[in-house]
Amino acid sequence: MIQEVAVKKLRMNTRQGRAAFRAEVKMLSCIKHSNIVKLISHHDEGGIVRIAYEFMPLRSLDLYLYEHEINKEPLDWQTRMKIAEGVAKALLYLHDQNEPPIIYGDLKTSGILLDENFNPKLSDFSFAKLGPTWDCREPGS
């Protein structure tokens, strides 16, 4: 079976950069949500890192908000609301339903990818961090 993927290629020449890459891969490999891009594979060799993600044919949301072509209709209200709802569901999952919580640190339109039906998926977890876990028991219990 052939699967179309998108490949992100990074040059990693610092220990800190490699640690951030490993953390992102580990985080994405544990996340399963319909509004978060799926990690397919990763490879780290000789200072070059490649990460393969599921292919999103309509690319990023910013192309439909800021750079639309002349004579091309902007996104209709229903589609915009569908995208906003999908992004909200992904953030709710990361922040409140994932254990441990993940703080998605860099929400921007270029990090929201769109499938062929304008379903959104968060991508680019380079600024994401594991959130705190709270123990809210009463003192002395």
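**Figure 1. The Asp124 loop of the predicted model.** Asp124 sits in the loop between strand S6 (120-122) and strand S7 (129-130). This is a predicted model, and the backbone here deserves a friendly second glance: phi of Asp124 is near 60°, a positive value in a residue other than glycine. Most residues other than glycine have a negative phi, and most peptide bonds are trans. Is Asp124 buried, partly exposed or exposed? With a relative accessible area of 25%, Asp124 is partly exposed, since buried means under 20% and exposed over 50%. Asp124 also turns up in the next view, as one of the residues closest to the centre of the largest pocket.

**Figure 2. The largest pocket and its lining.** The space in the largest pocket comes to about 270 Å³. Its lining counts 14 residues, and Ala6, Tyr53, Leu113, Ser123 and Asp124 are the closest to the centre. Which strand gives the largest share of the lining? That is S1, with 3 residues; S1 and S3 each supply at least two. For anyone thinking about chemical character, the lining divides into 7 nonpolar, 3 polar and 4 charged residues.

**Figure 3. Strand S3 with its partners S1 and S2.** S3 pairs with two strands, and both pairings can be followed here. Strand S1 (residues 5-11) runs antiparallel to S3, and 7 bridges join them. Strand S2 (residues 39-45) is also antiparallel to S3, with 6 bridges between the two. Look for Ile48 in S3: Arg11 has Ile48 as its bridge partner, and Glu45 stands opposite Ile48 as well. In a regular strand the side chains alternate between the two faces of the sheet. Why can S3 be called largely enclosed by the rest of the structure? Because 6 of its 7 residues are buried. The hairpin of S2 and S3 has 2 residues between the strands, and Gly46 takes a positive phi near 55° there.

**Figure 4. The largest nonpolar core, seen around Ile36.** This core holds 32 residues, and Ile31, Ile36, Leu94, Leu122 and Phe125 have the most contacts inside it. At least two core residues come from each of helix H1 (15-30), strand S3 (48-54), helix H2 (62-65), helix H3 (77-97) and strand S5 (112-114). H3 gives the largest share, 6 residues. Which residues does Ile36 touch once neighbours within four places in sequence are left aside? Ile36 is in contact with Leu28, Ile31, Glu54, Ala90, Tyr93, Leu94, Lys121, Leu122 and Phe125.

**Figure 5. Met12, in the loop between S1 and H1.** Met12 has its place in the loop between S1 and H1. Its relative accessible area is 14%, so Met12 is buried. Leaving aside neighbours within four places in sequence, Met12 is in contact with Gly17, Arg18, Phe21, Gly47 and Val49. Val49 makes a handy pair to display: Met12 and Val49 are 37 residues apart in sequence, and 6.7 Å separates them in space, C-alpha to C-alpha.

**Figure 6. Phe55 and Arg59, in the loop between S3 and H2.** Phe55 is placed in the loop between S3 and H2, and Arg59 lies in the loop between S3 and H2 too. How exposed is Phe55? Phe55 counts as partly exposed, at 34% relative accessibility. Beyond its neighbours within four places in sequence, Phe55 is in contact with Glu4, Val5 and Ala6. Phe55 and Val7 are 48 residues apart in sequence and 8.7 Å apart in space, C-alpha to C-alpha. Arg59 is exposed, with a relative accessible area of 52%. The phi of Arg59 is positive, about 60°, although Arg59 is not a glycine.

**Figure 7. The cis peptide bond before Pro100.** Where does Pro100 sit? Pro100 is in the loop between H3 and strand S4 (102-103). The peptide bond from Glu99 to Pro100 is cis, with omega near 0°.

**Figure 8. The protein as a whole, for orientation.** To place the close-ups, note that the protein has 3 helices and 7 strands. Along the sequence they follow the pattern β-α-β-β-α-α-β-β-β-β. Of the 141 residues in the protein, 38% are buried. Among contacts with a separation of 6 or more, 67% involve residues 24 or more positions apart.

Definitions and conventions: Residues are numbered from 1 along each chain as its sequence is written. This is a predicted model: local features need pLDDT of at least 70, side-chain atom pairs count only at pLDDT 80 or more; totals for chains, interfaces and linings use all residues. Side-chain values use heavy atoms; hydrogens and water are left out. A nonpolar core is a set of buried Ala, Val, Leu, Ile, Met, Phe, Trp, Tyr and Cys residues joined through side-chain atoms within 4.5 Å. Buried means under 20% relative accessible area, exposed over 50%, partly exposed in between (1.4 Å probe, protein chains only). Helices (H or I, at least four residues) and strands (E, at least two) are DSSP runs, numbered from the N terminus. Contact means heavy atoms within 4.5 Å. Two strands pair if DSSP finds at least two bridges between them. On a 1 Å grid over the protein atoms alone, a cavity is a set of points where a 1.4 Å probe fits but cannot get out, and a pocket is an open set with protein on both sides within 12 Å along at least five of seven lines; lining residues have an atom within 4 Å of a point. Grid points are joined across faces, edges and corners, and a volume is the space filled by probe spheres set on the points. Ala, Val, Leu, Ile, Met, Phe, Trp, Tyr, Cys and Pro count as nonpolar, Asp, Glu, Lys and Arg as charged, and the others, Gly among them, as polar.
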